[in-house]
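The following exercises concern the contact between two chains and the architecture of one of them. Each task is followed by a solution in steps.

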Amino acid sequence: MKTRLDEQTIALRAAREFPDGAVVNLGYGMPGLCANFIPEGRTVFFQSENGMLGYGHLAGDEEKDYEMINASDQPVTALPGMCFFDSAAAFDMIRGRHIDIVVLGAYQVSEKGDLANWGRPGRPATGMGGAMDLAVGARRGIVTMQHTTRDGKPRIVRKCTYPITARRCVGLIITDIAVIEVTPGGLILKEVAPGWTFSEVQTLTAARLTPAADLKEMEL
Amino acid sequence: MDKVISSVDEAIADIPDGAVIAIPGFFTCGVPRALLQALIRKGTKNLTLACGCGPLLGAAEEMRALVKNRQVKKVIDSYALYRSATKGMQDPFEQAVRAGEIELEVYPMGTMAEKYRAAGAGIPAFYTPTGVGSVVEETVVTNIEANRAPKETRIINGRKYILEYALKPDYAFVHALIGDREGNLRYAKTARNFNHVMATAARVTIAEVENLVEIGELDGDDVHTPGVYVHRVVKVERPRFAITID
């Protein structure tokens, strides 16, 4: 069994995608961890749909403030210059294209960048939270997820079979074994986790991958 | 005008069966739990709880009681059930939704926020890009099949948008850090979330406040919700916070 990256490491890799000065929204679950891994020397402004811009890393046990929470109900820390507003204003920023990057979790991503992350077959509609607004509104969509389901089925597919969040909204997929770019010409495998090969990643992917000319191992 | 009412029970005494009540709060943050507890004591039935970002997952004890007492007819929210299927199966609310005993109507969170803002601003409906390409574009998303009304769309400047309607609740319960006797409110950090837009939308807004101050003590520049939107103010204890979701 090859080693797969843990959630912290996936979040670390995703956070490298944030350019200096970017406004970034972190979705429910694993994406929230990205706040702990901003590359040194960069300033990133994290926005949250409950009405907060410019927060810091996740709060440790002794600094938890339950009136300052992220989208995953986790307390975060304050940074100088951070501000608060109401949810209507938060979604003005989101739909109004003031958010540079959103990082979301996913059940499935299609080869065209369609995202399915809010409902599972056989369950009542639990609700999509802010995911549809974010997927439609953010300038760039990044997905962090496990490459396969718990029973080993591919999550990267030709067409999503789970309920759609938004179409053609994912630009980059970062999983526990690969970094894949979504392009008009299809999926490009950019990086593999240490020890993994192109064909091993392809075997666990239900859509066709093209190896990048500079395909490399993730630097962690 | 002094809008202070002496107790939460008195503040909600006139709410009739069948009322539509807006409940703000992002999970546990900014949820009007004292007013919800009064609603449980009063036993009002056939309620529609119009939410926005999962306050009933935060006020889990109150929701369990409301479901057990069969007080709820319908919930409108963007995120109302536990993500974990195992936890969901044990949740009385999800069981009632599965059985069709309570209707659960779902919209994207930004659409929920806009529904209240539109209602408060006298706008009957609006077009939004959110939901295009998903089931949200096709029909109202609800567990009750008969209520899955088709939605209208329109192409504006080459892009497709969905027509969504304003949502005007009969009452809004809001939770503020500070309120003065005229109903000017100030919230704490991310506890603001849906509180302000819901206050603007409802016919009657009832604010529970952790700190009740005299007129003039809350500086005009610090007011998040002007008192014109608030009809009743009641002093409550600061709620306890706990993480309950996953």
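**Exercise 1. Charged pairs across the interface**

Determine which residue of chain B meets the side chain of D92(A) in a salt bridge, and how many such bridges join the two chains.

Solution. The model is a predicted one. Step one: a salt bridge requires a Lys or Arg side-chain nitrogen within 4 Å of a carboxyl oxygen of Asp or Glu. The side chain of R117(B) meets that of D92(A) with an N to O distance of 2.8 Å, and the pair therefore satisfies this criterion. Step two: the count between chain B and chain A is 5 salt bridges. Step three: the wider rule for polar contacts finds 20 residue pairs across this interface, both residues being at pLDDT 80 or more.

**Exercise 2. Extent and composition of the interface**

State how many residues of each chain are in contact, how much area is buried, and which elements of chain B contribute.

Solution. Step one: 42 residues of chain A are in contact with 52 residues of chain B. Step two: the two chains bury about 3,800 Å² between them, with 60% of it on carbon and sulfur atoms. On the side of chain B, R83(B), K189(B) and T190(B) lose the most area to chain A, together 17% of what that side buries. Step three: the elements giving two or more residues to this side include helix 5 (85–90), helix 6 (92–98), strand 4 (103–106) and helix 7 (109–121) of chain B. Helix 7 of chain B supplies the largest share, 6 residues. Step four: by class, this side of chain B divides into 26 nonpolar, 15 polar and 11 charged residues.

**Exercise 3. A sheet in chain B**

Give the strand order of the open sheet of 3 strands in chain B and explain why strands 5 and 7 stand at its edges.

Solution. Step one: the order is 5-8-7, with antiparallel pairing. Step two: strand 5 (125–128) and strand 7 (153–156) of chain B each have a single partner strand, so one side of each lacks a neighbour in the sheet. Step three: the twist from one strand to the next averages 35 degrees. Step four: strand 7 and strand 8 (residues 159–165) of chain B pair over 4 bridges, and R154(B) has Y161(B) in strand 8 as its bridge partner. Step five: helix 7 of chain B packs on the sheet, touching strand 5 and strand 8, and its direction makes about 150 degrees with that of strand 5.

Conventions:
Residues are numbered from 1 along each chain as its sequence is written. Chains are lettered from A and ligands numbered from 1 in the order in which they are written. This is a predicted model: local features need pLDDT of at least 70, side-chain atom pairs count only at pLDDT 80 or more; totals for chains, interfaces and linings use all residues. Side-chain values use heavy atoms; hydrogens and water are left out. Contact means heavy atoms within 4.5 Å. Buried area is the accessible area (1.4 Å probe) that two parts lose on being put together, summed over both. A polar contact is a pair of N or O atoms within 3.5 Å; within protein, one must be able to donate a hydrogen and the other to accept it, and residues adjacent in sequence count only if both atoms are side-chain atoms. Ala, Val, Leu, Ile, Met, Phe, Trp, Tyr, Cys and Pro count as nonpolar, Asp, Glu, Lys and Arg as charged, and the others, Gly among them, as polar. Two strands pair if DSSP finds at least two bridges between them. Axes are lines fitted to C-alpha atoms, for helices over the stretch in contact, and angles run from 0 to 180 degrees between N-to-C directions.
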